[in-house]
Amino acid sequence: MDPLPERDRGLSVVSVSVRFGGIAALEGVDLVVDPGEIVGLVGPNGAGKTTLINCVGGQLVQSSGSVWLGGESLDGLPPFRRARRGVARTFQRIAVFPELTVREHLFIAARARRRGGARWSELVDRGRPDPDESAEIATTLELVGLADRADAAVSTLPLGACRLVELGRALIGRPTVVLADEPSSGLDARERATLATVLRTLPAQGIGVLLVEHDLPMVSLVCDRVVVLHVGRVIAQGAFQAVMADPAVRRAYLGQVA
Amino acid sequence: MSTFLSYAVPGIPFGCTYAIVAMGLVLTYRTTGVFNFAFGSQAFVSAFTYTVLIGEGIPTWLAFVIAVVVLAPALGWVLDRFLFRRIAATNTTAKLVSAVAVFVALPQIVLLMFGSATRFSPPPLFLDAGRVYLHLFSTPINGLELETVIMTAALVLVVSAVLGASRFGLTVRAAVESPRLLQLEGVRSDRVLSAAWMGSSLMAGLAGVLLVPQYPTLQFNNYAILLVAALAAAALGNLADVQLALLGGILLGVVEGLASGYFSTSSVWHTGLLPAIPFLLLAILLVTRGRLRALEDTEDPLAGSDPPPPVPIAVTRSAELDRVIKLGGRALAVAAVVSVLTWVPGNWAFTLTAGVVYSIIFLSITLVTGMSGQVSLCQATFAGIGAFVAAQLAVHHGVPILLGAVIGALGAMVVGALGALPALRLRGLPLALLTLALALLADNAVFPYSWAGGPASGLNVPRPQIGSINLATTSSKGFFVLALLVLIACVIGVKVVQRATVGRYLDALRASPLGAESVGINPSAARVFVFALSAGLAGLGGALYASLQQSINPADFNYQFSLVFVVVVVTTGVRTVEGAIQAGVSFVVVEQLLSYLPGRWGSGGLAIVLFAFAALTYARHPEGVVEFQKRLWTERAERWLGLGGRSDRIVEMATASTGTDRDGPVA
Amino acid sequence: MNALELVGVTAGYGPYRALDEVSLSVPDGGIVALVGPNGAGKSTVARVCAGLVVPTEGRLLVGGDDLTGAAPWRIARAGLASVIEGRGVFARLSVAENLELSFGRWLGPSAAATALERTFDGFPMLAERRTQPAGTLSGGQQRLLSLAKVLGDSPRVVVADELSLGLSPAAVEDIYLQLRVLHAAGTALLVIEQQTDRVLGLADRAVVLDRGVVAFTGPPDGASPVVRRMLGATATPDSLAEPVSPA
Ligand SMILES: Nc1ncnc2c1ncn2[C@@H]1O[C@H](COP(=O)(O)OP(=O)(O)O)[C@@H](O)[C@H]1O
Ligand SMILES: Nc1ncnc2c1ncn2[C@@H]1O[C@H](COP(=O)(O)OP(=O)(O)O)[C@@H](O)[C@H]1O
Ligand SMILES: [Mg+2]
Ligand SMILES: [Mg+2]
């Protein structure tokens, strides 16, 4: 199958299916996230949203279909290689490193995600960011609003801050696409506001975002486009208002019989 | 065909002995969540008691009741109450290390209490051992064999019934996963686990007594070998399936029967392959079986209710105290070195030199377990590789021992890197088992050869000659200086790695492999690097050990040393370089001090028991005994001196808006 | 009588203090909403109620009995059911086994079977996955399962932490419906929520927690302005606080 034109740019998922035993979690899902675009991915619990993100991030291997980034296929690559190619993600259940500080999280990510991979000097260097990395870390800390807590161990931060740490860890090193899996769950109104602000700065940097969210105000506020997933299939996509007006979506997702 | 059967059939009763232990392992793992190495030792304790009681002329049934029905469950209760209950359900390393500690310590306790005189095994419980009861495919089956098969069948029924009792089985499985979450359902999960431990221990006792007549005399080593061989059978059942474990045990027996029948006794197969079959099988199963790989512990859903682990006291103690302690520590180190070089008598100088050499080997555990968070049970094997390479090169090729030591370290490094490759996808328990399989493979199929481990009578290893100074003749104090310099170099090396970027990567991988990989860290590269480096360190230490001892033989580096090493280092403190050194020095010093005790108390077993008892505190303080004691004393000192210690402050609400919620919301 | 009562509870985690003299009570058959910003100590309250965190000062009463410092199983047997924050399921047990474990405790075999069927009727999504290990469910499904576990039998009081966390709008709708049913059957509720509007609509009393102390106790209408004052000032991006009414 030859690549579609869109594949030359951002992320494209081409008829991806995932089966667990006999159950199909995803069936022929197609999805495109252009650079600088924020795409909302919504759907009922168990629709396959996390599964899709895992297929893009490499945590899961799809049963069929393919995933492309910037015109190159990601299939068969382990997660860390995908990360170095520009795929960044957060986790629905946070996966931070409790004993490390916020700054160390960002440093590790900045270093490890560097294109071109690891260097021998990493075995004997001082484990400190170089000037470029320092600048980037400072900017990112500022962006996610953690500058004042940069040197706190993450195990002492509340959940909301941990989610922002994960977001910062994903954003550092200029990824091509960011996959955010329910980043606002467990955040209070104030933290949601920070999150929305951060997300809205990304398009200007040419970063594409795939945002999984149940917080509809947030989705309507930040997303350019919304895709609705239901039992593993895309049932609607388009502008937020239009999609939410779709009777099928109302039935499956909003729980209102239209 | 008839030859085939005549080889295969005797393998069945033999395989049943594996099966009994394998089923016990699986049962314990499923009902307690602990992969219980101690099963072999628990079996031995009951077997020993039984044998002693029979020897005292007590009737068989009474001896059986005391050893199996009373003693075994009591032992299980004690183990649960004072050790395993205190370990968080999710702490794989702590569970593994504690089980290993009990495994090595229990038999030592028994031997200390009763002495190690030869004890002849009593006859089977109800059949006549020598009498042939029936012929199977014209192979005679004697009473001992028949009884083993019958008892195995009986055990299968009992175990299946226990696990099949659905309500209890369900509760037990839930308790294994998260005792606290089960409590929220109104269940006394501590009682459930206590019962599970008593049941499993009963099974161990039963197995122990049943196995007694298999061997002419009662020896712990037989039980240890049975245990490690049974691992393969348990692995065939994915450590979860009792029936498959049974089948695995019998198959293993049959395969061994066939192999020993078909390979002529003089062939390399017979000497090399035969004893290694179970471990080869175990290794292959671990690497190829997806379900074994997935045996990782689940996260505790209630982790958010626990306070975060304490910060190392060295970070939080008051500045004054910090200065005093650092200064004092250095002064003490200098004083120790000066003392060894001046007034300390020869045997103590030797002991301390050995302590320095052990510290080098133990640093390798700091790397693997402390930094990358994995338990390796083959560090003594790596030490052995270094030692044997250096020794063989010196003896047969005249290579200077120090050069040989470097080559040996490099050799161990290569083996470590190669060994890490199949282990890349494993972590936690399966990885530890794989390293154990490698250690046993080396013990059984490599080290016994004289080209490798040297003759059983030992290899004579020279001391180094530096310029005109021969360290053998100028007393062992020269060697002390040499070992110390090597240790310092190794410490610097480890600290460099700890500080470097790769150290941060390892921190990240230890905390969350998922998160680490998602930011671009290559977990395989990090794993291979750590294993290779750590094998190299162990190899270097091993070579120095050989040169210090001046004579080594194949059994000097067997798997039991690996187990002891891990217990000693982890309980002392595995996260810091200081911990490794303190472990190395205290390991030999305790042993040397105890050697002044009379009789069997001075024989070295007591030292192992003491370190295992340290594991009791370890269960509650995973940061290690040394760190725990440091905190305790620092806090006391701060209180006495009124230093307003930073260590015992209450963090007030304003700062506590920084708390933790490691669990986070749902996955 | 109060189904659940905290009297002057101070609690924390090791050196970190999280609650300072918190008092609140849930009358029998009542619904109390507990709200407040992140880090206020809401989950700590839930953990104190469940017996997972032992207060350093103050008392915990369930159905009038003093259970301060009692083990979680004792509190559970006194009739308090907790839905903990996040995933509260046994990952290696199947969906059906998770439910059986909860129901079988309190109900006889036949009653447990009916409860199971009733639950599966109420949560068709779980019915489809009854043999799937709970750990492989999606995050929201695990959440639903942990709610289903307490909804099946009618405890005296339910403490639910972050009730609607990670649930789709339809599922939230559904859960609130089921809570009403449970409440109608006589169960008292302490509901902790991040999304305040909905729970304040359900509750007959509200408690607002801020940095470990009770900032407000009273009727739900009174709580909204307090919460808004607490969070409002910085919740800039325009319409975030307003619910979207699609088309
Ligand atoms: N290992 C597995 N075995 C069986 N089913 C699974 C497995 N993992 C996920 N599923 C199912 O796949 C579906 C999609 O899950 P997921 O992508 O996590 O949903 P969500 O859209 O809520 O993120 C769910 O119905 C879940 O039960
Ligand atoms: N396990 C823990 N260890 C240390 N501090 C914690 C822990 N859990 C919560 N905290 C802290 O206690 C305070 C209250 O937390 P929590 O009860 O989780 O608040 P809420 O549920 O309202 O967001 C916060 O400051 C939080 O950081
Ligand atoms: Mg999801
Ligand atoms: Mg909370």
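These notebook entries record what I looked up in a predicted model.

**Conventions.** I worked with a predicted model in which local features need pLDDT of at least 70 and side-chain atom pairs count only at pLDDT 80 or more, while totals for chains, interfaces and linings use all residues. Residues are numbered from 1 along each chain as its sequence is written, chains are lettered from A and ligands numbered from 1 in the order in which they are written, and side-chain values use heavy atoms, with hydrogens and water left out.

**Cysteines.** I looked for disulfides, each being a pair of cysteine sulfur atoms within 2.5 Å. The count over all chains is zero. I then checked burial, where buried means under 20% relative accessible area, exposed over 50%, and partly exposed in between (1.4 Å probe, protein chains only). Cys16(B) is buried at 3%, and Cys49(C) is buried at 0%.

**Salt bridges.** I took a salt bridge as a side-chain nitrogen of Lys or Arg within 4 Å of a carboxyl oxygen of Asp or Glu. Over all chains I found 26 salt bridges. Helices (H or I, at least four residues) and strands (E, at least two) are DSSP runs, numbered from the N terminus.

I first noted the bridge between Glu99(A) and Arg510(B), at 3.7 Å from N to O. This pair crosses between chains: Glu99(A) sits in the loop between strand E6 (87–89) and helix H3 (102–112) of chain A, and Arg510(B) in helix H22 (residues 501–511) of chain B. Glu99(A) is partly exposed at 48% relative accessible area, and Arg510(B) is partly exposed at 23%. Both belong to a network of salt bridges that links Glu99(A), Glu104(A), Arg504(B), Asp507(B), Arg510(B) and Arg575(B).

In chain C, I recorded a bridge between Asp28(C) and Arg156(C) at 3.0 Å, N to O. The two residues are 128 residues apart, Asp28(C) in the loop between strand E2 (16–27) and strand E3 (31–35), and Arg156(C) in the loop between helix H6 (139–152) and strand E7 (157–160). Asp28(C) is partly exposed at 37%, as is Arg156(C) at 30%.

I also entered the bridge of Glu85(C) with Arg47(C), whose closest N and O atoms are 3.6 Å apart. Glu85(C) lies in the loop between strand E6 (80–83) and helix H3 (95–106) of chain C and Arg47(C) in helix H1 (residues 42–50), so the bridge ties together parts 38 residues apart in sequence. Both Glu85(C) and Arg47(C) are buried.

**Positive patch.** I searched for patches, made of residues with over 30% relative accessible area and no salt bridge, with like charges joined within 9 Å and nonpolar side chains (Val, Leu, Ile, Met, Phe, Trp, Tyr) within 5 Å. One positive surface patch is formed by Arg167(B), Arg191(B), Arg74(C), Arg77(C) and Arg105(C). Arg167(B) lies in helix H7 (residues 166–177) of chain B and is partly exposed, at 33% relative accessible area.

**Backbone angles.** Most residues other than glycine have a negative phi. I noted a positive phi near 45° for Glu182(A), in the loop between strand E7 (177–181) and helix H6 (189–201) of chain A. Glu182(A) is buried at 4%. Asn238(B) has a positive phi of about 55° and lies in the loop between helix H10 (220–236) and helix H11 (242–262) of chain B. Asn238(B) is buried at 8%.

Definitions and conventions. Accessible areas come from the Shrake-Rupley method with a 1.4 Å probe; for residues, only the protein chains shown count as cover. Lys and Arg count as positive and Asp and Glu as negative; His and the chain ends are not counted. The place of a charge is taken as NZ of Lys, CZ of Arg, CG of Asp or CD of Glu.
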